[in-house]
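Trainee: I have a chain open here and want to go through it with you. Where should we start?

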Amino acid sequence: MMTASANESSNGKFFYGWWIVAVSIVCLALMWTLPVTCFSLFLKPISASMGFERSSIALCASIVALSSMFMSPFVGRWMEQKSVKLVLGLSITGVAAGFVGYSLATSLPMFYLSALLIGISLNGSSIMAFNIIIKNWFIEKQGLAMSIALAGTGLGGMIMSPIINSMILTHGWRFAYQALAVLILVLVLPLALIFIKKKPQDMGLMPYGYGHTPKKGSSAAIDLNLTLAQVKQYPMFWIFMLGIASIGFAGGAVLLQAPAYISDQLSPTKAAAAVSAYLGIAIAGKIILGAVFDAKGSKAGIMLSCITLALSIVTLFYIKQETFYFAFILLHGFGTCTGTVTPPVLTSRIFGAKNYGPIYGMTNLFLQAGMAIGSPVIAYVFDKTGSYFISWQLCLAVSLIALFSLLYSVNAGRKLLETRKEA
């Protein structure tokens with residue numbers, strides 16, 4: 001049977017899977033960045049204009065995370081059983097409608113209902129959906145393809161953060177949300193419906209690398225190939241989920257609260273510049289992190305992602321000093337990749353490809369649960385103390401829990417694999 005690579009060379013055409021990756025970059029640049037990453041830019045202006053506490057507005061991020069968390073297993077099943085175009089179309093439109101809801105909101109319940117709609121639509125229009133699609137198209141270079149697509153989240157942040165900040169300052173946050181809704185409907189929706197294909201077999205192709213024998217020693221994968229029900233029986237699985245939830249808590253809290261903190265300590269312009277810069281660094285950071293996972297193994301990838309996240313939190317204690325401001329930008333450019341690249345890659349590396357969908361759905365659930373808890377806890381501590389000092393201490397401790405939990409999971413996974421081979 002023809003392999004993907006042979007197919008490419010025989011007909012002289014570029015493998016269509018790379019077009020899927022290219023479109024995924026654009027879609028993720030908007031569909032993840034706008035509702036999740038750039039929400040922090042709206043936190044302070046909405047709070048100031050509406051007279052709400054920041055923790056009340058930050059709860060929108062929790063609602064998005066919780067509702068998308070709840071939808072994770074359903075979206076994974078729908079992506080396998082239903083039309084991908086239908087799932088993408090409804091989900092993309094749902095996010096745009098949620099933005100319109102934000103722009104028209106005059107009370108907290110209206111904000112929360114809009115956030116609920118966005119959360120329900122998020123997985124079917126962003127990272128989870130495109131990870132599943134790309135997995136169908138690639139056997140070889142799957143990690144590279146995923147990390148390149150995920151780099152779109154950083155690209156979108158780098159480009160959109162100053163644009164959104166300018167729109168908010170010039171026309172107000174309501175106008176900004178309406179403009180973003182229009183952008184989603186006129187750019188992302190047509191791209192997804194026209195170019196995204198569910199599987200290469202739908203076009204008479206095979207996945208990239210089909211039929212190739214992997215080089216021995218080229219991967220640090222453990223590949224237990226157990227079902228979700230089976231892995232739930234092992235403590236290692238739940239420790240892994242603790243690590244993933246810790247990533248969501250610490251990484252999500254910093255991502256959503258650090259811009260407001262920098263705005264207070266320095267200025268709104270400095271905050272917007274920091275967001276744009278570290279998300280720009282994250283473009284390369286995601287690809288580098290994916291390469292580290294491929295070339296150096298899971299432990300090296302875990303250490304790079306979790307340690308840079310922890311160090312970025314340390315710099316926040318001294319953010320008024322210019323050196324630490326720039327250090328935060330650099331470190332968080334890599335640290336923010338922890339929540340996007342590390343969970344899907346480690347899920348595949350530890351548990352294998354055979355039952356990836358259900359297990360990744362559970363991984364995504366715990367990641368988003370951590371995000372749902374982290375931001376409001378940090379905002380609540382700020383509201384009660386008037387300072388982020390204790391909040392950053394908590395985030396630092398949780399980031400170290402993530403580091404050691406994930407390292408333990410890799411070691412335990414290898415031991416379990418050896419035990420299963422001997423049995």
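Mentor: Start with burial: of the 423 residues in the chain, 58% are buried. Keep in mind that this is a predicted model.

Trainee: How many helices and strands are there in the chain?

Mentor: The chain has 18 helices and zero strands.

Trainee: What about the radius of gyration of the chain?

Mentor: The chain has 21 Å, and a compact globule with 423 residues would have a value near 22 Å, so the two agree. The C-alpha trace spans about 65 × 45 × 40 Å along its principal axes.

Trainee: And the contacts between residues at least 6 apart in sequence, what share of them join residues at least 24 apart?

Mentor: That share is 84%.

Trainee: Let's move to H8. How many of its residues are buried?

Mentor: Helix H8 covers residues 127–137, and 10 of its 11 residues are buried, so H8 is largely enclosed by the rest of the structure. The buried ones are Ile127, Met128, Ala129, Phe130, Asn131, Ile132, Ile133, Ile134, Asn136 and Trp137.

Trainee: Which helices cover those buried residues of H8?

Mentor: The cover includes H2 (16–31), H5 (54–81), H6 (84–104), H9 (142–171), H16 (342–351) and H17 (356–385).

Trainee: Take H17, then. At what angle do the axes of H8 and H17 cross?

Mentor: They cross at roughly 160° and come within 12 Å. The cut-off for roughly antiparallel is over 145 degrees, and H8 and H17 are therefore roughly antiparallel to each other. The crossing of H8 with H17 is right-handed. On the H8 side the contact is made by Ile127, Met128, Asn131 and Lys135, and on the H17 side by Tyr356, Tyr360, Gly361 and Asn364.

Trainee: How do the residues of that contact of H8 with H17 divide into nonpolar, polar and charged?

Mentor: Four are nonpolar, three polar and one charged.

Trainee: H5 was in the cover of H8 too. Which residues does Met79 touch?

Mentor: Met79 is in helix H5. Not counting residues up to four places away in sequence, Met79 touches Val84, Val87, Ala129, Ile132, Ile133 and Lys198. Ala129, Ile132 and Ile133 are among the buried residues of H8.

Trainee: Is Met79 buried or exposed?

Mentor: Met79 has 2% relative accessibility and so counts as buried. Its C-alpha atom is separated by 9.8 Å from that of Phe130, 51 residues apart along the chain.

Trainee: Staying with H5, how does it pack with H7?

Mentor: H7 is residues 108–122, and H5 and H7 pack at an angle of about 30° with their axes 7 Å apart. H5 and H7 are therefore roughly parallel to each other. Their crossing is right-handed. The H5 residues that make the contact include Ile57, Cys60, Val64 and Met71, and those of H7 include Phe111, Ala115, Gly119 and Leu122. The contact residues divide into 14 nonpolar, four polar and no charged.

Trainee: Another pair: at what angle do H4 and H10 cross?

Mentor: The axes of H4 (residues 39–50) and H10 (residues 173–195) cross at roughly 145° and come within 10 Å. H4 contributes Phe39, Phe42, Pro45, Ile46, Ser49 and Met50 to the contact, and H10 contributes Trp173, Arg174, Ala176, Tyr177 and Leu180. Those residues divide into nine nonpolar, one polar and one charged.

Trainee: OK, loops. Where is Ile319?

Mentor: Ile319 is in the loop between H14 (298–316) and H15 (322–335). With a relative accessible area of 1%, Ile319 is buried.

Trainee: What is Ile319 in contact with?

Mentor: Leaving aside neighbours within four places in sequence, Ile319 is in contact with Tyr261, Ile262, Gln265, Leu266, Phe324, Tyr325 and Phe328. The C-alpha atoms of Ile319 and Ile262 are 57 residues apart along the chain and separated by 7.4 Å.

Trainee: Last one, Phe240. Which helix is it in?

Mentor: Phe240 is in H12, residues 235–265. At 0% relative accessibility, Phe240 counts as buried. Apart from neighbours within four places in sequence, Phe240 is in contact with Leu346, Thr347, Ile350, Phe351, Thr363, Leu406 and Ser409.

Trainee: How far apart are Phe240 and Ala402?

Mentor: They are 162 residues apart in sequence and 8.6 Å apart in space, C-alpha to C-alpha.

Conventions: Residues numbered from 1 in each chain as written. Predicted model: local features only at pLDDT ≥ 70, side-chain atom pairs only at ≥ 80, totals over all residues. Heavy atoms only, no water. Buried < 20%, exposed > 50% of the residue type's maximum accessible area, 1.4 Å probe, protein only. Helix = DSSP H or I, 4+ residues; strand = E, 2+ residues; numbered from the N terminus. Contact = heavy atoms within 4.5 Å. Axes fitted to C-alpha atoms, helices over the stretch in contact; angles between N-to-C directions. Parallel < 35°, antiparallel > 145°, perpendicular 65-115°, else oblique. Left-handed = near helix turned anticlockwise from the far one by under 90°. Nonpolar A, V, L, I, M, F, W, Y, C, P; charged D, E, K, R; others polar. Rg over C-alpha atoms; globule rule 2.2 N^0.38 Å.
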